[in-house]
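This report describes the pockets of one protein model.

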Amino acid sequence: MKSFKRRFNDTVEGMATDIKDTAHSVEAAAVMRLFRTRPRLLALGEPTHGEDTLLELRNELFRHLVEQEGYRTIAIESDCMMGLVVDDYVTSGTGTLDDVMERGFSHAWFNASAPNRELVRWMRAYNEGRPASERLRFAGFDGPLEMTEAASPRQALTALHGYLSARVDADLLPCTAQTLDRLLGADDRWTNPSAMMDPAQSVGQSAEAGQLRLLADDLVALLDEQTPHLIMTTSRDDWRRARLYGRTATGLLRYHHWMADTSPARMTRLVGLRGQMMADNLLALAERGPALVHAHNGHLQRHKSTMRMGGMPLEWWSAGAIVSAHLGEGFAFLATALGTIRHQGVDTPPPDTVEGLLYALPADHCVIDAHQLATTLADTRPAPRVSPWFGYAPLDPAHLTDTDGIVFVKDVPQT
């Protein structure tokens, strides 16, 4: 019996011809042909962070979607609260570009990125002189979280309280701003990085944190209850921003609670809660109109995410999986796969992998219908690619049918 590799290689030439016929430029029209209806959230994943080539491709696709398909929002894997700084700049010119790049992104590879700077500059220029209904919007959809710590809930909680206290009767508020300040205490109690590995260092299950969770719940309930009044007396955008404050405050308090937990489920709950916070932000954006979403493939895929942390295997549902369950065809996922990242030691992919098959195509980058690719491969399943560099996550051939399309980038040069 022929080995898998021999059988695979025997069929590569014919399959390459079939796949070449379905490979198209990464343009809005080609992407939209993958779907029966225009998705409210079009998710473009990336298999590694910090590569300008991928961000430039994202920028180009977003421009096409804006000009040809009516998309008006881009959301990226960055702190949702910091993203408000960028949104204020691109919609109304608040601040300077330098300041926005410094304060509007939560990761170093974002705010130091030339393509991200160009994206923000282009969005601001596009919006100049346009009515509010036609302006482009920017959003971060990650929680205010890092792998080693979580933010204090102060900013979100006090912003929600401030919004409500200026617009509803004081007797309806569950507490005063002074009470929140007293219960919150010093912010460095919340951001202690030692708490990630030592639950005893977390304040998330203190008496004060418990009271704050109840007060945050009451404030969010009051926001929902007063929705008709709030929209009439302010604006829907202000109300949506207040909802973001509420989601973030309750999400952070829940996350801190589980940072203080000592059960075996602790880490699984933490990564799952981050995914849920991302999903809640994306579902809120879907209410506003069609948006391009950009993040790591692992945050946008429909199947379960997995990783090892501290030697422990973790499984959870990603933001993409949760959103897809809610929106159905309103959510679409394009996974990006790469041929080489030679400056990181990722060389030409083996020919019996999906990346190896796509590497044989002539285009530098293209979009492929993942379902057609799975049909073309039939029973000849490619081998999983193994990356020599931890920072690149290869495409999993077992989940082709969970993906709407593959954006393939042949070579990622060092920049």
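The two largest pockets are taken in turn below, each with its lining.

## Basis

This is a predicted model, in which local features need pLDDT of at least 70 and side-chain atom pairs count only at pLDDT 80 or more, while totals for chains, interfaces and linings use all residues. Residues are numbered from 1 along each chain as its sequence is written, and side-chain values use heavy atoms, with hydrogens and water left out.

## Largest pocket

The largest pocket (on a 1 Å grid over the protein atoms alone, an open set of points where a 1.4 Å probe fits, with protein on both sides within 12 Å along at least five of seven lines) has a volume of about 1400 Å³. Volume here is the space filled by probe spheres set on the points, which are joined across faces, edges and corners. Of its 48 lining residues (those with an atom within 4 Å of a point), His 296, Gly 298, Thr 306, Met 307 and Ala 393 are the closest to the centre.

Two or more lining residues come from each of helix 13 (266-286), helix 14 (297-300), strand 5 (305-309) and strand 7 (331-340). Helices (H or I, at least four residues) and strands (E, at least two) are DSSP runs numbered from the N terminus. Helix 13 gives the most, six residues.

## Second largest pocket

The second largest pocket holds about 710 Å³ of space. Its lining has 31 residues, and Asp 87, Arg 137, Asp 237, Arg 240 and Arg 288 lie nearest its centre. Helix 12 (236-259) is one of the elements that supply at least two lining residues, and helix 12 gives the most, with nine.
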